[in-house]
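Here are my notes on the model you sent over, mostly about charged side chains and who they sit next to. Have the structure open while you read.

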Amino acid sequence: MIIYNVTVNIDESIHDEWLTWIKEHIPQVLGTGKFEKATLSRVLVEEEMGGVTYSVQYRSYSREALDAYYREDADKLRTEGLKKFADKMLAFRTELQIVDEYTVNFK
């Protein structure tokens, strides 16, 4: 399983508007059928550049599904955010491969 991670720093002047938008954008990305779920997290470390930072982690079904997302959907979906928020948003993307997962069950 591959996690497609998008880390975004948002200028405080558009924070509330962006947060509303991203909560609509994530279901659109999931609607491509290439991911099984997504997690939106706020990064708690303060950045020197200011702003508020978030991470969106999309769990892809497979490497092939993620590659299909890049080919078929990514440009269109990325462009929407860039048009709307321009220089008030800085994003970078990484891919993470899940090696193992662990849970604990206290009874």
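1. Start with K34. Its relative accessible area is 11%, so K34 counts as buried, the limit being under 20%. Keep in mind that this is a predicted model, so treat the distances below as values computed from that prediction.

2. What does K34 pair with? Its salt-bridge partner is E72, with the closest N and O atoms 2.9 Å apart. E72 sits in helix 2 while K34 is in the loop between helix 1 and strand 2 (35–42), so this pair ties together parts 38 residues apart in sequence. The two ends sit in different classes of accessibility: E72 is exposed, at 51% relative accessible area, whereas K34 is buried. There is also a third member here, since K34, E72 and D73 are linked in a network of salt bridges.

3. Next, have a look at E101 and R59. Their side chains meet in a salt bridge at 2.6 Å, N to O. This one links distant parts of the chain as well: R59 belongs to strand 3 (residues 52–60) and E101 to the segment after strand 4 (89–97), 42 residues apart. Again a buried residue meets an exposed one: R59 has 18% relative accessibility and counts as buried, while E101 is exposed at 54%. I'd note that R59's 18% falls under the 20% limit for buried, and E101's 54% is over the 50% limit for exposed.

4. The E17–K84 pair is another salt bridge, at 3.7 Å, N to O. Here the link runs between helix 1, which holds E17, and helix 3 (residues 74–85), which holds K84, with the two positions 67 residues apart in sequence. How accessible is E17? E17 counts as partly exposed, at 42%, and K84 is also partly exposed, at 46%. If you want the overall tally, the count comes to 7 salt bridges. As a reminder, side chains of opposite charge can pair when their charged atoms come close.

5. Now for acidic residues that gather together. Which residues make up the patch of negative charge on the surface? They are D11, E12, E46 and D87. Of these, D11 lies in the loop between strand 1 (2–10) and helix 1 (15–30). D11 has 32% relative accessibility, so it counts as partly exposed; that is over the 30% needed for a patch residue.

6. R63 deserves a stop too. It lies in helix 2 (residues 63–72) and is partly exposed, with a relative accessible area of 31%. Leaving out residues up to four places away in sequence, R63 touches I2, Y70 and E95. The I2 contact brings together residues that are 61 apart in sequence, yet their C-alpha atoms are 6.4 Å apart in space.

7. Last one: is H25 buried or exposed? H25, in helix 1, has 9% relative accessibility and so counts as buried. Its contacts, again not counting residues up to four places away in sequence, are Y58, L77 and E80. Helix 1 is also where E17 sits, so compare the two on your screen: H25 is buried, while E17 is partly exposed.

Key: Residues numbered from 1 in each chain as written. Predicted model: local features only at pLDDT ≥ 70, side-chain atom pairs only at ≥ 80, totals over all residues. Heavy atoms only, no water. Patch = residues over 30% accessible without salt bridge, like charges linked within 9 Å, V, L, I, M, F, W, Y side chains within 5 Å. Areas by Shrake-Rupley, 256 points an atom, 1.4 Å probe, with all protein chains shown as cover. Salt bridge = Lys/Arg side-chain N within 4 Å of Asp/Glu carboxyl O. Lys, Arg positive; Asp, Glu negative; His and termini not counted. Charge placed at Lys NZ, Arg CZ, Asp CG, Glu CD. Helix = DSSP H or I, 4+ residues; strand = E, 2+ residues; numbered from the N terminus. Buried < 20%, exposed > 50% of the residue type's maximum accessible area, 1.4 Å probe, protein only. Contact = heavy atoms within 4.5 Å.
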